[in-house]
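Student: I've got a model open and want to go through one helix with you. Can we take it step by step?

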Amino acid sequence: MVVAIQSPVFPSLDEEMAFSQHTETESSTAGKGLNPPSKDAAPSGVGWDGNPLEYSFEVKGSIKKKSVRFVVDLTELRPADKSNPLSMEKTQQMVHLLAKKTPGFDDSWYRVLKDWFVYAHLPAEQQQALIKKAGQSTSVILGFDIYPQVLDADRLPVMGKVYFPPCYVAAEKGITRWQAVRSIINELPGVQDYPNILKSTELIDDFLSSKPEAWQMGTRYLATDLVVPAKARFKVYMRCFGTAFEDIWDYYTLGGRIPGLDDDKEKFRELMDMVSGTTYAATRSQQEMDMARYTSATGKLTAIYFAISPENPYPGPKLCITPSNFAPNDGVVARGLDQWFTKYGWDDGQGKSMGNQIRDIFTHRELEKETGIFTFIGIGRKEDPMKKDLSIQVYVTPELYKNPRL
């Protein structure tokens with residue numbers, strides 16, 4: 001699959017995302033305005049350097065086949081739109097395009113979430129005050145799951161999803177970010193027809209209720225697929241307050257509320273050790289969590305997303321570790337990934353290692369120079385905790401603002 005975004009920064013992103021062959025999807029809208037940031041620009045909440053793009057590819061059982069995804073922040077941040085800073089007009093234009101061009105499109109719940117989470121209706125001064133209070137400028141993020149082949153020449157081979165940050169609702173209403181998410185899920189029209197969604201949401205709430213309230217401020221996004229409610233998934237992205245492995249694992253299992261996950265525990269520990277270069281226990285931060293860091297828009301922390309769907313009675317967790325917080329450089333992370341893939345028989349055998357594939361894609365610097373290209377390494381049971389097959393999702397960013405390519 002080749003994903004190409006035409007933009008002023010890259011004439012084509014063929015080199016950036018050449019993970020397999022067969023499909024080319026082009027979008028002239030997604031890449032506009034990606035010039036290096038000026039003094040009047042605001043940072044996006046996507047990239048750690050404030051750039052608005054992140055890609056990921058997912059492997060399951062073998063690195064030979066990969067599913068490709070990417071997200072883009074289309075908020076007017078470059079320069080910042082001072083007259084309507086939380087406007088999601090550009091995102092809405094893309095949603096309209098997806099409505100015409102993607103199979104199975106439905107925006108029933110998206111429209112309700114938009115009304116709850118987006119504050120573009122406020123006067124500019126109130127929007128600016130809310131941005132300052134929330135500590136973020138991104139209105140929403142748009143994501144794309146790329147299908148492996150084109151089925152119709154008039155259709156885009158993607159499924160769209162929208163990520164809503166709850167920080168604005170929380171700041172405006174004086175509630176926690178998790179409460180902002182839980183409240184709207186429970187109020188969605190017709191959600192009572194999907195008891196698994198309500199049950200999974202309450203399992204998360206039950207766990208968080210047993211922790212200090214500060215943990216509820218680690219909710220980063222609520223994402224929903226742009227499909228009919230009966231097929232839609234919610235993904236709730238939650239930052240881990242603790243950095244010790246046992247604390248992270250406890251969060252991943254919701255304190256044992258999600259059954260049957262213990263078989264994976266040592267595989268997770270091994271992955272974290274391997275990408276650290278030594279052991280995760282030796283390299284992780286020992287400092288107590290600072291709330292400014294915990295709620296930072298661009299600072300990255302190890303997180304867990306919980307997939308909530310009508311089909312599953314339990315939320316499906318995926319652990320997303322942030323290797324830049326404990327690995328010395330991206331080269332070490334790449335070698336650790338390959339070590340884990342080899343141990344569990346996921347490696348190509350004859351083809352390129354994962355590290356070499358990343359080097360071919362991101363040529364703007366050596367991986368050994370520093371960390372930053374790898375933003376997250378996700379590992380979990382592919383949204384259904386009852387299925388034992390693991391998948392790994394590798395999130396990468398092009399460091400466009402730190403290393404602009406014109």
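Tutor: Sure, and keep in mind that this is a predicted model. Let's start at the N-terminal end of H11, which Asn329 caps.

Student: What makes Asn329 a cap there?

Tutor: A side-chain oxygen of Asn329 lies 2.9 Å from the backbone nitrogen of Gly331. The cut-off for a polar contact is an N or O pair within 3.5 Å, so 2.9 Å qualifies.

Student: And how do you know that the span of H11 agrees with its 14 residues?

Tutor: At 1.5 Å a residue, H11 should span 20 Å, and its end C-alpha atoms are 20 Å apart, so the two agree. After H11 comes Gly345, with a positive phi near 75 degrees.

Student: Why is H11 called mostly covered?

Tutor: Buried means under 20% relative accessible area, and 10 of the 14 residues in H11 are buried, so "mostly covered" fits. Among them are Val332, Val333, Leu337, Trp340 and Phe341, along with Asp330 and Asp338.

Student: What covers those buried residues?

Tutor: The cover includes strands S3, S11 and S12 as well as helices H8 and H12.

Student: What makes H8 and H11 a contacting pair?

Tutor: Contact means heavy atoms within 4.5 Å, and residues of H8 including Leu271, Met274 and Val275 meet residues of H11 including Val333, Leu337 and Trp340. By class, this contact has seven nonpolar, three polar and three charged residues.

Student: How is their packing described?

Tutor: Two packed helices are described by the angle and the distance between their axes. The axes of H8 and H11 come within 7 Å and cross at roughly 145 degrees, and the crossing is right-handed.

Key: Residues numbered from 1 in each chain as written. Predicted model: local features only at pLDDT ≥ 70, side-chain atom pairs only at ≥ 80, totals over all residues. Heavy atoms only, no water. Axes fitted to C-alpha atoms, helices over the stretch in contact; angles between N-to-C directions. Helix = DSSP H or I, 4+ residues; strand = E, 2+ residues; numbered from the N terminus. Left-handed = near helix turned anticlockwise from the far one by under 90°. Nonpolar A, V, L, I, M, F, W, Y, C, P; charged D, E, K, R; others polar. Expected span 1.5 Å × (residues − 1). Buried < 20%, exposed > 50% of the residue type's maximum accessible area, 1.4 Å probe, protein only. Polar contact = N/O pair within 3.5 Å; in protein donor to acceptor, adjacent residues only side chain to side chain.
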